[in-house]
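Reader: I would like a close look at a single part of this structure, worked through residue by residue and then set against the chains as a whole. Please take one buried position as the starting point and follow its surroundings outward.

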Amino acid sequence: MFLYDFEPYTYRSPIWSELDNFQNEMNTLFSTSKGPRVQRNYPCVNAWTNEEEIKLTAELPGFNTENIQISVKGDILTLAGSRETEKIGEGEEFHRNERVGGNFSRTFNLPFRVDSAKVVADYRDGVLTVTLPRSEEDKPKKIEIKAA
Amino acid sequence: MDTLEKREPDSVVVNTERKGSKKIFKPNVDIISDEKAITLIADIPGASEQSVDISLEKEVLTISGSVVSTEIEGHTRSYTEYDTGGYYRSFSITDDIDKERIMAVVKNGVLKVVLPKRESVIKKIEVKAA
(Lines give C-alpha, C1' and ligand atoms only; values in the text may rest on other atoms or scores of the structure.)
Protein backbone atom coordinates (compact mmCIF):
# COMPACT_ATOMS: atom_id res chain seq x y z
CA MET A 1 0.00 0.00 0.00
CA PHE A 2 2.65 2.48 1.02
CA LEU A 3 5.87 2.39 -0.89
CA TYR A 4 8.63 4.04 0.98
CA ASP A 5 11.90 4.84 -0.63
CA PHE A 6 14.92 4.09 1.39
CA GLU A 7 17.73 6.22 0.17
CA PRO A 8 20.37 3.72 -0.78
CA TYR A 9 23.85 4.28 0.52
CA THR A 10 23.41 7.91 1.29
CA TYR A 11 24.53 9.11 4.64
CA ARG A 12 21.70 10.84 6.37
CA SER A 13 22.71 13.42 8.88
CA PRO A 14 20.91 13.06 12.25
CA ILE A 15 19.42 16.50 11.67
CA TRP A 16 17.14 14.96 9.05
CA SER A 17 15.61 12.47 11.41
CA GLU A 18 15.08 15.31 13.87
CA LEU A 19 13.37 17.27 11.11
CA ASP A 20 11.29 14.22 10.17
CA ASN A 21 10.19 13.91 13.78
CA PHE A 22 9.40 17.59 13.86
CA GLN A 23 7.36 17.24 10.69
CA ASN A 24 5.49 14.28 12.14
CA GLU A 25 4.72 16.23 15.27
CA MET A 26 3.52 19.20 13.24
CA ASN A 27 1.36 16.92 11.13
CA THR A 28 -0.10 15.46 14.28
CA LEU A 29 -0.69 18.90 15.67
CA PHE A 30 -2.62 20.07 12.63
CA SER A 31 -4.50 16.85 12.02
CA THR A 32 -7.68 15.99 13.89
CA SER A 33 -7.05 16.65 17.53
CA LYS A 34 -10.36 15.14 18.48
CA GLY A 35 -10.99 11.44 18.52
CA PRO A 36 -8.42 8.73 18.24
CA ARG A 37 -5.30 9.55 16.30
CA VAL A 38 -4.77 7.20 13.42
CA GLN A 39 -1.29 6.83 12.17
CA ARG A 40 -1.13 6.76 8.42
CA ASN A 41 2.06 4.80 8.36
CA TYR A 42 1.47 1.99 10.76
CA PRO A 43 3.63 0.57 12.14
CA CYS A 44 6.47 3.02 12.52
CA VAL A 45 9.76 1.48 11.51
CA ASN A 46 13.44 2.16 11.97
CA ALA A 47 16.13 0.73 9.75
CA TRP A 48 19.73 -0.10 10.46
CA THR A 49 22.09 -0.98 7.66
CA ASN A 50 25.59 -2.06 6.87
CA GLU A 51 27.20 -3.52 3.77
CA GLU A 52 25.85 -6.99 4.47
CA GLU A 53 22.31 -6.55 5.68
CA ILE A 54 19.48 -4.33 6.73
CA LYS A 55 17.69 -4.65 10.06
CA LEU A 56 14.21 -3.25 10.18
CA THR A 57 12.52 -2.76 13.54
CA ALA A 58 8.84 -2.06 14.05
CA GLU A 59 6.85 -1.34 17.19
CA LEU A 60 3.99 -3.83 17.21
CA PRO A 61 2.77 -4.23 20.80
CA GLY A 62 0.33 -6.98 21.64
CA PHE A 63 0.52 -8.99 18.46
CA ASN A 64 0.52 -12.74 18.16
CA THR A 65 3.39 -13.84 15.97
CA GLU A 66 0.98 -15.91 13.86
CA ASN A 67 -0.83 -12.68 13.02
CA ILE A 68 2.25 -11.02 11.54
CA GLN A 69 3.12 -11.75 7.92
CA ILE A 70 6.45 -10.88 6.41
CA SER A 71 7.14 -11.37 2.72
CA VAL A 72 10.16 -10.47 0.65
CA LYS A 73 10.62 -10.46 -3.09
CA GLY A 74 13.78 -9.00 -4.55
CA ASP A 75 14.07 -5.61 -2.91
CA ILE A 76 10.45 -5.31 -1.84
CA LEU A 77 9.43 -6.09 1.73
CA THR A 78 5.85 -6.30 2.90
CA LEU A 79 4.80 -6.32 6.53
CA ALA A 80 1.21 -7.13 7.30
CA GLY A 81 -0.69 -8.08 10.39
CA SER A 82 -3.69 -7.69 12.58
CA ARG A 83 -4.43 -7.03 16.20
CA GLU A 84 -7.70 -7.38 18.00
CA THR A 85 -9.12 -4.55 20.01
CA GLU A 86 -10.22 -5.03 23.59
CA LYS A 87 -13.80 -6.12 23.85
CA ILE A 88 -15.92 -5.66 26.89
CA GLY A 89 -18.50 -7.92 28.34
CA GLU A 90 -21.62 -7.24 30.29
CA GLY A 91 -21.24 -5.09 33.38
CA GLU A 92 -17.95 -3.69 32.10
CA GLU A 93 -17.37 -0.22 30.81
CA PHE A 94 -14.60 1.62 29.03
CA HIS A 95 -13.07 4.63 30.74
CA ARG A 96 -10.47 4.98 28.05
CA ASN A 97 -10.22 3.25 24.74
CA GLU A 98 -7.17 4.56 22.96
CA ARG A 99 -5.46 1.41 21.77
CA VAL A 100 -6.28 0.74 18.17
CA GLY A 101 -6.67 -2.57 16.46
CA GLY A 102 -7.33 -3.85 12.98
CA ASN A 103 -5.28 -4.73 9.95
CA PHE A 104 -2.21 -3.09 8.54
CA SER A 105 -0.06 -3.61 5.52
CA ARG A 106 3.04 -1.70 4.59
CA THR A 107 5.44 -2.18 1.73
CA PHE A 108 9.02 -0.99 1.64
CA ASN A 109 11.49 -0.56 -1.12
CA LEU A 110 14.79 -1.81 0.25
CA PRO A 111 18.14 -0.35 -0.76
CA PHE A 112 19.29 -3.69 -2.17
CA ARG A 113 18.03 -7.08 -3.25
CA VAL A 114 17.61 -9.52 -0.40
CA ASP A 115 18.29 -13.23 -0.10
CA SER A 116 14.74 -14.13 0.89
CA ALA A 117 15.75 -17.60 2.11
CA LYS A 118 17.95 -16.07 4.81
CA VAL A 119 15.52 -13.53 6.18
CA VAL A 120 15.11 -13.88 9.95
CA ALA A 121 12.45 -12.24 12.12
CA ASP A 122 12.40 -11.89 15.87
CA TYR A 123 9.61 -10.58 18.08
CA ARG A 124 10.47 -9.40 21.57
CA ASP A 125 8.72 -7.04 23.98
CA GLY A 126 6.36 -5.96 21.25
CA VAL A 127 9.14 -5.01 18.86
CA LEU A 128 9.59 -6.88 15.59
CA THR A 129 13.08 -7.06 14.15
CA VAL A 130 13.48 -8.33 10.59
CA THR A 131 17.02 -9.09 9.45
CA LEU A 132 17.36 -8.98 5.67
CA PRO A 133 20.72 -10.15 4.31
CA ARG A 134 21.84 -8.70 1.03
CA SER A 135 21.79 -11.22 -1.79
CA GLU A 136 25.15 -12.41 -3.03
CA GLU A 137 24.51 -11.25 -6.61
CA ASP A 138 23.79 -7.80 -5.37
CA LYS A 139 27.00 -7.39 -3.42
CA PRO A 140 29.68 -5.37 -5.14
CA LYS A 141 32.36 -7.56 -6.66
CA LYS A 142 35.92 -6.92 -5.79
CA ILE A 143 38.11 -7.06 -8.80
CA GLU A 144 41.66 -7.96 -8.17
CA ILE A 145 44.35 -6.37 -10.19
CA LYS A 146 46.99 -8.74 -11.23
CA ALA A 147 50.50 -7.50 -11.38
CA ALA A 148 52.18 -8.42 -14.58
CA MET B 1 -19.58 8.79 35.24
CA ASP B 2 -15.84 8.70 34.99
CA THR B 3 -14.24 7.15 38.00
CA LEU B 4 -10.86 7.35 36.40
CA GLU B 5 -9.43 10.37 34.82
CA LYS B 6 -6.22 11.31 33.26
CA ARG B 7 -4.39 13.89 35.27
CA GLU B 8 -2.85 15.53 32.24
CA PRO B 9 -5.06 17.90 30.28
CA ASP B 10 -6.65 16.36 27.22
CA SER B 11 -5.37 19.13 25.02
CA VAL B 12 -1.83 17.81 25.06
CA VAL B 13 -1.35 16.56 21.55
CA VAL B 14 2.37 16.28 21.31
CA ASN B 15 2.96 13.31 23.51
CA THR B 16 6.66 13.60 24.01
CA GLU B 17 8.75 15.69 26.27
CA ARG B 18 12.43 15.66 26.81
CA LYS B 19 13.65 14.65 30.22
CA GLY B 20 17.36 14.92 30.16
CA SER B 21 18.55 13.06 27.12
CA LYS B 22 15.65 10.65 27.16
CA LYS B 23 12.32 11.11 25.48
CA ILE B 24 9.26 10.28 27.49
CA PHE B 25 6.17 9.04 25.71
CA LYS B 26 2.62 8.87 26.89
CA PRO B 27 1.41 5.36 26.17
CA ASN B 28 -2.02 4.69 24.74
CA VAL B 29 -4.24 2.92 27.23
CA ASP B 30 -7.51 1.09 27.56
CA ILE B 31 -9.18 1.28 30.94
CA ILE B 32 -12.03 -1.06 31.64
CA SER B 33 -13.93 -1.38 34.85
CA ASP B 34 -16.57 -3.62 36.25
CA GLU B 35 -18.02 -4.11 39.72
CA LYS B 36 -14.98 -5.89 41.05
CA ALA B 37 -11.93 -4.34 39.43
CA ILE B 38 -10.38 -1.77 37.17
CA THR B 39 -8.17 -3.07 34.40
CA LEU B 40 -5.61 -0.87 32.70
CA ILE B 41 -3.94 -1.97 29.48
CA ALA B 42 -1.09 0.07 28.02
CA ASP B 43 0.98 -0.28 24.86
CA ILE B 44 4.61 0.01 25.86
CA PRO B 45 6.60 -1.59 23.03
CA GLY B 46 10.24 -2.20 23.85
CA ALA B 47 9.79 -2.14 27.62
CA SER B 48 10.16 -5.37 29.58
CA GLU B 49 8.85 -6.43 32.99
CA GLN B 50 12.10 -5.41 34.66
CA SER B 51 11.87 -1.81 33.54
CA VAL B 52 8.22 -1.23 34.35
CA ASP B 53 7.20 0.53 37.56
CA ILE B 54 3.70 0.85 38.88
CA SER B 55 2.78 2.85 41.93
CA LEU B 56 -0.45 3.78 43.62
CA GLU B 57 -0.21 6.58 46.09
CA LYS B 58 -3.02 8.72 47.42
CA GLU B 59 -5.41 7.84 44.63
CA VAL B 60 -2.79 8.46 41.96
CA LEU B 61 -1.76 5.54 39.82
CA THR B 62 1.50 6.03 37.96
CA ILE B 63 2.91 3.73 35.34
CA SER B 64 6.38 4.13 33.93
CA GLY B 65 8.82 2.09 31.95
CA SER B 66 11.94 2.46 29.92
CA VAL B 67 13.26 1.02 26.73
CA VAL B 68 16.83 -0.18 26.76
CA SER B 69 19.02 1.27 24.08
CA THR B 70 18.00 0.09 20.65
CA GLU B 71 21.35 0.69 19.01
CA ILE B 72 22.37 -2.21 16.81
CA GLU B 73 26.08 -2.86 16.80
CA GLY B 74 27.90 -2.79 13.51
CA HIS B 75 25.03 -1.04 11.79
CA THR B 76 24.28 2.58 11.13
CA ARG B 77 20.83 3.97 11.52
CA SER B 78 19.64 4.68 8.01
CA TYR B 79 15.99 5.46 8.46
CA THR B 80 14.01 6.66 11.46
CA GLU B 81 10.30 6.91 12.03
CA TYR B 82 10.06 6.34 15.73
CA ASP B 83 12.06 7.29 18.75
CA THR B 84 12.52 5.31 21.92
CA GLY B 85 13.07 6.33 25.49
CA GLY B 86 10.63 5.86 28.29
CA TYR B 87 6.95 5.77 29.10
CA TYR B 88 5.13 7.70 31.77
CA ARG B 89 1.52 8.36 32.56
CA SER B 90 -0.55 8.87 35.67
CA PHE B 91 -4.21 8.66 36.52
CA SER B 92 -6.32 9.50 39.47
CA ILE B 93 -8.51 6.78 40.84
CA THR B 94 -11.45 7.59 43.00
CA ASP B 95 -12.41 4.00 43.71
CA ASP B 96 -11.15 2.32 46.83
CA ILE B 97 -8.47 -0.08 45.57
CA ASP B 98 -7.20 -3.07 47.48
CA LYS B 99 -3.50 -2.30 47.12
CA GLU B 100 -2.44 -5.72 48.34
CA ARG B 101 -4.10 -7.48 45.46
CA ILE B 102 -2.90 -5.34 42.54
CA MET B 103 -1.60 -7.55 39.75
CA ALA B 104 0.50 -6.56 36.76
CA VAL B 105 1.89 -8.42 33.78
CA VAL B 106 3.90 -7.34 30.77
CA LYS B 107 3.60 -9.42 27.64
CA ASN B 108 4.69 -8.59 24.10
CA GLY B 109 5.04 -4.93 24.93
CA VAL B 110 1.63 -4.64 26.55
CA LEU B 111 1.22 -3.86 30.24
CA LYS B 112 -1.89 -5.07 31.98
CA VAL B 113 -2.66 -3.92 35.50
CA VAL B 114 -5.61 -5.27 37.45
CA LEU B 115 -6.71 -3.11 40.37
CA PRO B 116 -9.29 -4.93 42.49
CA LYS B 117 -11.82 -2.72 44.18
CA ARG B 118 -12.16 -3.09 47.92
CA GLU B 119 -15.44 -4.55 48.92
CA SER B 120 -17.77 -2.03 50.35
CA VAL B 121 -17.73 -2.01 54.13
CA ILE B 122 -20.71 0.21 54.51
CA LYS B 123 -23.66 -1.69 55.83
CA LYS B 124 -27.08 -0.96 54.72
CA ILE B 125 -29.28 0.28 57.53
CA GLU B 126 -32.77 -0.74 57.30
CA VAL B 127 -35.40 1.78 58.11
CA LYS B 128 -38.28 0.21 59.86
CA ALA B 129 -41.68 1.62 59.45
CA ALA B 130 -43.21 2.48 62.77
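Author:
**Around B:Gly46**

Leaving aside its neighbours within four places in sequence, B:Gly46 is in contact with A:Asp125, A:Val127, B:Ser66, B:Val67 and B:Val68. The model discussed here is a predicted one, and the values that follow are computed from it. B:Gly46 itself sits in the loop of chain B that runs between strand E5 (37-43) and strand E6 (53-57), and although it belongs to a loop, B:Gly46 counts as buried, because its relative accessibility is 13% and the limit for that class is under 20%. The contacts of B:Gly46 include residues of both chains, with A:Asp125 and A:Val127 on the side of chain A and B:Ser66, B:Val67 and B:Val68 on the side of chain B. B:Ser64, by comparison, is 18 residues away from B:Gly46 in sequence, and the two C-alpha atoms are 13 Å apart in space.

Of the partners in chain A, A:Asp125 deserves a separate description. A:Asp125 is placed in the loop between strand E8 (120-124) and strand E9 (127-133) of chain A, and its phi is positive, at about 50°, although the residue is not a glycine. Most residues other than glycine have a negative phi. With a relative accessibility of 25%, A:Asp125 is classed as partly exposed, whereas B:Gly46, which it touches, is classed as buried at 13%.

Chain B has a residue that can be described in similar terms. B:Asn108 also has a positive phi without being a glycine, with a value near 50°, and its place is in the loop between strand E10 (103-107) and strand E11 (110-116) of chain B. The relative accessible area of B:Asn108 is 24%, so it too is partly exposed.

B:Ser64, already mentioned for its separation from B:Gly46, leads to the interior of chain B, for it is one of the residues lining the largest cavity. Searching the whole structure gives 1 cavity of 30 Å³ or more, and the space in the largest cavity amounts to about 40 Å³. Its lining is made up of B:Pro27, B:Ile44, B:Val52, B:Ile63, B:Ser64, B:Gly65, B:Tyr87, B:Tyr88 and B:Leu111, which divide into 7 nonpolar residues, 2 polar ones and no charged ones. Two strands of chain B, E7 (60-66) and E9 (85-93), each supply at least two residues of this lining, and E7 of chain B gives the most, with 3 residues.

Strand E7 of chain B also holds B:Thr62, which is buried because its relative accessibility is 15%, under the 20% limit. Apart from residues up to four places away in sequence, B:Thr62 touches B:Asp53, B:Ile54, B:Ser55, B:Tyr88, B:Arg89 and B:Ser90. One of these partners, B:Tyr88, is itself among the residues that line the largest cavity.

A further place where the two chains touch is found at A:Thr49, which lies in strand E2 (residues 45-49) of chain A. A:Thr49 has a relative accessible area of 14% and is therefore buried. Its side chain makes a polar contact with the side chain of B:Ser78, at 3.1 Å. Beyond residues up to four places away in sequence, A:Thr49 touches A:Ile54 in its own chain, together with B:His75, B:Thr76 and B:Ser78 in chain B.

To set these details against the whole, chain A contains 1 helix and 9 strands, which follow one another along the sequence as β-α-β-β-β-β-β-β-β-β. Chain A has 148 residues, of which 36% count as buried, and among its contacts with a separation of 6 or more, 56% join residues 24 or more positions apart. About 9,700 Å² of chain A is exposed, with 51% of that area supplied by carbon and sulfur atoms. Chain B, which is home to B:Gly46, has 0 helices and 11 strands. Of its 130 residues, 45% count as buried, and residues 24 or more positions apart make up 58% of its contacts with a separation of 6 or more. The accessible surface of chain B is about 8,200 Å², and carbon and sulfur atoms account for 50% of it.

Key. Residues are numbered from 1 along each chain as its sequence is written. Chains are lettered from A and ligands numbered from 1 in the order in which they are written. This is a predicted model: local features need pLDDT of at least 70, side-chain atom pairs count only at pLDDT 80 or more; totals for chains, interfaces and linings use all residues. Side-chain values use heavy atoms; hydrogens and water are left out. Helices (H or I, at least four residues) and strands (E, at least two) are DSSP runs, numbered from the N terminus. Buried means under 20% relative accessible area, exposed over 50%, partly exposed in between (1.4 Å probe, protein chains only). Contact means heavy atoms within 4.5 Å. Accessible areas come from the Shrake-Rupley method with a 1.4 Å probe; for residues, only the protein chains shown count as cover. On a 1 Å grid over the protein atoms alone, a cavity is a set of points where a 1.4 Å probe fits but cannot get out, and a pocket is an open set with protein on both sides within 12 Å along at least five of seven lines; lining residues have an atom within 4 Å of a point. Grid points are joined across faces, edges and corners, and a volume is the space filled by probe spheres set on the points. Ala, Val, Leu, Ile, Met, Phe, Trp, Tyr, Cys and Pro count as nonpolar, Asp, Glu, Lys and Arg as charged, and the others, Gly among them, as polar. A polar contact is a pair of N or O atoms within 3.5 Å; within protein, one must be able to donate a hydrogen and the other to accept it, and residues adjacent in sequence count only if both atoms are side-chain atoms.
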